[in-house]
Amino acid sequence: MDSASLAALLSSRLEGESRLLRRLADWQTTGEDAVVVVGDAAQAQRMAGKAVGVLIAPVGLELPPDLPHIRIEDSRLALAKLSQAFDHRPPVAQGVHPSAFVHPSAEVSDEVSLGPRVVLEAGAKVAGGTRIGAGTVVGAGVTIGPNCLI
């Protein structure tokens, strides 16, 4: 993704040169392919003299000169969107692993992923989009809502 596309994703505009971006980073691991989010003046000043693909900063925050940047209203919302945009993990397959145990009275949506050795006890309920990792025990009568990661 390039800086200009990232600005569009954040409903903002890029100030400076557009660059190819490959990763999110903090101020210590930055580089010309990195996106760095700063939330206050101290964080912004640590970026002085550092190579950065683009800096994401709140409106009104003073920034070191000559750094390409995108101004945003809400740092947390921007970070959530960035995290999703740079999440390159392959999607998890839906279904129940052969070694998982699901009690006959448990209710499991079709869009759930149950990993190896997962145990769903009597009356447990798991909603769609949820992923439950290896070795997890979901107790009797427990309800897990949609799109959870356990």
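**Close-up views of a predicted model**

**View 1. The largest pocket and its lining.** In this predicted model, the largest pocket has a volume of about 160 Å³. Two elements each give two or more residues to the lining of the largest pocket: β5 (69-72) and α3 (75-85). Of these, α3 gives the most, with three residues. If you would like to pick out the lining yourself, select Leu10, Ser11, Ser12, Val59, Arg71, Ile72, Glu73, Asp74, Leu77, Ala78 and Lys81. Sorted by class, the lining has five nonpolar, two polar and four charged residues.

**View 2. Threonine 30 and its surroundings.** Look for threonine 30 in the loop that runs between β2 (23-25) and β3 (34-37). The side chain of threonine 30 reaches the backbone oxygen of alanine 51 at 2.9 Å. Leaving aside residues up to four places away in sequence, threonine 30 touches Arg23, Ala25, Val36, Met47, Lys50, Ala51 and Val52.

**View 3. The largest nonpolar core.** This core has 13 residues, and the ones that touch the most other members are Leu6, Leu10, Val35, Val54, Ile56, Ile70 and Leu82. At least two residues of this core come from each of α1 (3-9), β4 (54-58), β5 and α3. Leucine 82 makes a handy starting point for a tour: beyond residues up to four places away in sequence, leucine 82 touches Leu6, Leu10, Leu24, Val35, Val37 and Ile56.

**View 4. A second core.** Separate from the largest nonpolar core is a second one of 12 residues, with Val36, Val38, Ala44 and Leu67 among them. You have already met Val36 in View 2, as one of the residues that threonine 30 touches.

Technical notes. Residues numbered from 1 in each chain as written. Predicted model: local features only at pLDDT ≥ 70, side-chain atom pairs only at ≥ 80, totals over all residues. Heavy atoms only, no water. 1 Å grid on protein atoms, 1.4 Å probe; cavity = no way out; pocket = protein on both sides within 12 Å on 5 of 7 lines; lining within 4 Å. Points joined across faces, edges and corners; volume = space filled by probe spheres on them. Helix = DSSP H or I, 4+ residues; strand = E, 2+ residues; numbered from the N terminus. Nonpolar A, V, L, I, M, F, W, Y, C, P; charged D, E, K, R; others polar. Polar contact = N/O pair within 3.5 Å; in protein donor to acceptor, adjacent residues only side chain to side chain. Contact = heavy atoms within 4.5 Å. Core = buried A, V, L, I, M, F, W, Y, C linked by side-chain atoms within 4.5 Å. Buried < 20%, exposed > 50% of the residue type's maximum accessible area, 1.4 Å probe, protein only.
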